Amino acid sequence: MDELEAKIEKYVNILRENDIRMTSQRYAILKNLAEGNKHPTTNEIYEDLKDDFPNMSVATVYNNLNFFMEAGIVNELPFGDGPSRFDLTDTQHYHIICNHCGKVIDFNYPGLDEVEKVVESMTHFKVDGHSFKVTGLCEDCQKLNL
Ligand code: ZN
Ligand code: MN
């Protein structure tokens, strides 16, 4: 079993624990999310899979993403004005977003958990999370000489 299969297997088990039955379509959507850190939109998943699943619609993809979110294995990424992008909840990580093409790339930066503790002691809030995103122009878009 390679790394991708192991990752998918982990999510299949979580879905099973949530009584969400595995279908070949559902597996394909999960696999699409798991491979390559794409943070796809509903439409992008549909475009990738429609040839393999002629009966699938954008609504099917959307419904499955909702099941995944209810089971806690997928997050809807809260940025941009465009269509939502979806991300597996495998590791705690941050995102950098391209202002031009909307591409979303993961990066790890461990220092920020400390911020929660500092803010908590400064404000006496009970902190339950934070969000942080970095924006810019991706390498591909820089080549367009915008
Ligand atoms: Zn870009
Ligand atoms: Mn991500």
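This briefing covers a zinc site, its cysteines and a nonpolar surface patch. The model is predicted. Its zinc ion (ligand 1) has four cysteine donors, C98, C101, C138 and C141, and their arrangement is tetrahedral. The patch is made by V115, V118, V119 and M122.

**Zinc site**
- Each of the residues C98, C101, C138 and C141 gives its SG atom as a donor to the zinc ion (ligand 1).
- These donor atoms lie 2.2 to 2.4 Å from the zinc ion.
- The four donor atoms around the zinc ion subtend angles of 102 to 115°. The arrangement counts as tetrahedral because all angles lie between 85 and 135 degrees.
- For four tetrahedral donors, the ideal angle at a metal is 109.5 degrees.
- Along the sequence, the donor residues follow the spacing C-x2-C-x36-C-x2-C.

**Exposure of the cysteines**
- C138 has a relative accessible area of 13%, so it is buried, the limit being under 20%.
- C141, another donor to the zinc ion, is buried as well.
- C101 is partly exposed, and its relative accessible area is 37%.

**Disulfides**
- Zero disulfides are found when the whole structure is searched.

**Nonpolar surface patch**
- V115, V118, V119 and M122 together make a nonpolar patch of about 330 Å² on the surface.
- One of these residues, V115, sits in helix α5, which spans residues 113-123.
- V115 has a relative accessibility of 41%. This value falls between 20% and 50%, so V115 counts as partly exposed.

Note on methods: Residues are numbered from 1 along each chain as its sequence is written. Chains are lettered from A and ligands numbered from 1 in the order in which they are written. This is a predicted model: local features need pLDDT of at least 70, side-chain atom pairs count only at pLDDT 80 or more; totals for chains, interfaces and linings use all residues. Side-chain values use heavy atoms; hydrogens and water are left out. A disulfide is a pair of cysteine sulfur atoms within 2.5 Å. Buried means under 20% relative accessible area, exposed over 50%, partly exposed in between (1.4 Å probe, protein chains only). Donors are N, O and S atoms within 2.8 Å of the metal (3.2 Å for Na, K and Ca); water is not among the atoms, so sites may look incomplete. Four donors count as tetrahedral if all angles lie between 85 and 135 degrees; four count as square planar and six as octahedral if opposite donors are over 155 degrees apart and all others between 65 and 115; anything else is irregular. Patches are made of residues with over 30% relative accessible area and no salt bridge: like charges are joined within 9 Å, nonpolar side chains (Val, Leu, Ile, Met, Phe, Trp, Tyr) within 5 Å. Accessible areas come from the Shrake-Rupley method with a 1.4 Å probe; for residues, only the protein chains shown count as cover. A salt bridge is a side-chain nitrogen of Lys or Arg within 4 Å of a carboxyl oxygen of Asp or Glu. Helices (H or I, at least four residues) and strands (E, at least two) are DSSP runs, numbered from the N terminus.
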